[in-house]
Every structure is written in C-alpha cells, then in structure tokens.
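Visitor: I have a new model open and would like a tour of one strand and its neighbours. Could you walk me through it?

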Amino acid sequence: MVPHLTTALTGPLLELEKHFLGHATEIERWMRVQWQDHMPPFYASTDLRNSGFKLAPVDLNLFPGGWNNINDVFMPLCVQAAQDAIERICPDARQLLLIPENHTRNQFYLQNVAKLVSVLQLTGLEVRVGSLLPEITAPTTLELANGGSLTLEPLVRTGNRVGLAGFNPCAILLNNDLSGGTPAILKGLDEQWLIPPLHAGWHTRRKSIHAAAYDRVAREFGEVIGIDPWRINPEFGVCGQINFQERTGEDCLAAEVDGLLTRIRAKYKEYGVDETPFVVVKADAGTYGMGVMTVRDASEVIGLNRRQRNKMSVVKEGLQVQEVIIQEGVHTFETVDDAVAEPVVYMMDRFVVGGFYRVHTERGRDENLNAPGMHFKPLAFQTCCSLPDCRQAPDAAPNRFYAYGVVARLALLAASVEIEETEPAEADVA
C-alpha cells in the first residue's frame, strides 16, 4: 500500500508519475551518463514533499542518521550499494574508520551508528568507531536499547593519518556533520580518503548552494523528458545579512519572501492550484530541523516576538544564524494513519537503498515535520526505487516509489555537483 494522497488534485500527480513511466528509458540513460561525469556522494538522504501537483526535494543530508529506521528487508540493497561505493573510492580497502556525532546519550542515534556499522561490515571491511569526545580515552562499550551494543574508541593521530590504536584505515567515513567546525585531528590528512570531504560539513556548506545546483539539474532534466522543472523544483531566495536578536535584515527578508510568494502565486494560477502559497525560512546552514519557520505573508517576518527570534537565532552547536534561505513551501498531501507524512529516501553511491515516512500527528500539511513528536513508518516497497511496473497504474506502489527515486536521485546528483564546485583550492586545504 502507498500512503493515501488526500487531494482532489491527484490528476496532475498521476500525470507526472505517468510521464516518468513513459520516459523511464530516457531517464535511466540520462542518469547513467551523469554518473560518468560526476562522482556520487558515499551516502545521502533527502526529504521529499508530495503536493499532488508537485513532487520535490526540500532538504538533503550528506551525513544521514536514521539508518536504524530502514527496514531490514533493504539490507541487501544497502550492502550492494556500499560495496560499489567502496570499490569506487578505495578498491583494496580492508579497514574503515567511522566517526559519529557526539550523541552518546541519544539511543536512536547510537542505533543508527550500529546499523551503519553492520552494513559496512557485510561488505568485507573491518569497521571500527572512533569518537571525537575527549572523555573517550579507552575503548568504551555502550549498551543499546534494542539489545545491541556499540564500542567507541579514542582517535589516534600519527603524522598525517588518523586511526585507532593498532588500526590504520585507508578510509574514514564521517557520520558527523561538523556543524561546530573541523576538529584539528582531521585537518591536513594525507593518503586517506575522508568521506564526505571536510568542505561538505555545515561549517562551510550552504543550503542555498545546493539549491542552486539542484535548480540547474532540474532544468536540464526537465528539457530531457519535457516537463516544467517547477513541478520538481522548489524556488528559493537568500538573505545573507540578518540578525534575529538585533532585528537587522528584516527588510531584506521581507522583500525576498514577498518576491518568492509572488512567483509561486503565478505558478499556482498557471496550474489552477487552489491552495495558499507559503515559504519556509530556515538557516542556510544546519540540520535537525532547527531554525525553521513557515511564512504565508511577508508581514509575518517583520517584528518577530522574542520566542520566534530565539527559535530562529541559533541552530545546532549553538551557531548563530546570520544567513537564511527562503524556500518555496511544498504542501504534503500524503497521510499515514490520518497524520501528515513525507517520504525520506536514503541513497548509497548512486543507488536508492530504502527509506521511510516521517509522520507527525500535530503538524499541518504546510509545516515542517522534522520536529519533536515525529515518528517513522517504513516505506512499503520490497525492491529498489528503480523498478517501475508499467503494467500497473501510475500511483501503484512500485511506480509511486519510482517517482520518489527519480527525484531523490536528482537531489543526489545536485549534491555531487555542489561538492565538486565548492572544493577548496589545495592551498586552502593545507
């Protein structure tokens, strides 16, 4: 079963899904050519929103947690994709070091790390977990709520390499988004693959740069299969000089919001959409759904109250928000158990390997679902998102999930372009 699509506008979505099915050969050929020119990230996850008239990614994470929410049925897909990724990066790899976030009290996150370790071990690698926490001075085993365990070990720097005591890996996989900056122990490494690269961390990465890369990808893809790229692409704007606490930059923010809402209204009129447009204002760097605000009129960002300013001022690691992206809001008309839901698609290398629905019983279809109170439902497909079935209806499970997979892979391709184009010069790295 696919989640219920609660909208009278099913027609346009069915048309979009049918268009994907009718052009599946061109889509897969185009994707294949793109991956010859661009190296995919090792892994990523993307949040999609399905409005019935639009199916678009609204966020992409290059350091995805949540692997513990992936159904075990997807394990073969994960292992095969991880093997391809490792062969592409370091074919003779025997040892891999995984560096997680410092969330030693977050049981869900620790279970995510343990699940990731189990996937990587099945590729034939010896995988160990190195912690950035200063209090981890010896191997420390943490018991997990699901009955498993996870051992953290102190990192050891030897010359220009990082490993553990008696463990010298050729590759280091980060499951830490570096929101607080690059730890000194990871700077200036030599002859070791750091995955993703340091400049993919939130200390330098910007959502607006990814959005610009996705805009180019969506436009090219739209030309290939003959669709309006707006159907798969949320428009955006940027306000780069704002201080919510001091109330500076409000005019810039209001102008961007007004301009974007005007463009969205024009597209709604073009497509006969009878919904209220909205935008999402969020920190241009950061994750965990922090620093996010839904706005339906430019006047709403002028004179924010103290609670709103405090909410928008700081994101993960206590970083002050000075830059925001204003992103076109995409309603989610999908529901699970009568609660609004959005698909989250997980990828390794260039493959879709699984996903789940983020469900929130207390949020509306035009609100951020990545918030306290959310829960997860595994996606219902038994095979990967690359196997549509043209014998079935466009919204049948394999075809709905194929549509998810197409849009998710476009976001993945944009992330690849983004990483390539933001790579610092060699002198900067040194």
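Guide: Here are a few questions and answers about one strand.

This is a predicted model, in which local features need pLDDT of at least 70, side-chain atom pairs count only at pLDDT 80 or more, and totals for chains, interfaces and linings use all residues. Residues are numbered from 1 along each chain as its sequence is written, and side-chain values use heavy atoms, with hydrogens and water left out.

Visitor: How many residues of strand β17 are buried?

Guide: Strands are DSSP runs (E, at least two residues) numbered from the N terminus. Buried means under 20% relative accessible area, with a 1.4 Å probe and protein chains only. Both faces of β17 are covered, with Ala339 among the buried residues on one side and Val340 among those on the other. Strand β17 (residues 339-348) is largely enclosed by the rest of the structure because its buried residues number 10 of the 10.

Visitor: Which residue of β17 is the bridge partner of Ser45?

Guide: Two strands pair if DSSP finds at least two bridges between them. Strand β2 (residues 43-50) pairs with β17 in the antiparallel sense over five bridges. For Ser45, the bridge partner in β17 is Tyr346.

Visitor: Which residue in β18 does Tyr346 stand opposite?

Guide: β17 and strand β18 (residues 351-360) run antiparallel and are joined by nine bridges. They form a hairpin with two residues between them, and Asp349 in the turn has a positive phi of about 55°. In β18, the residue opposite Tyr346 is Gly354.

Notes
Buried means under 20% relative accessible area, exposed over 50%, partly exposed in between (1.4 Å probe, protein chains only). Helices (H or I, at least four residues) and strands (E, at least two) are DSSP runs, numbered from the N terminus.
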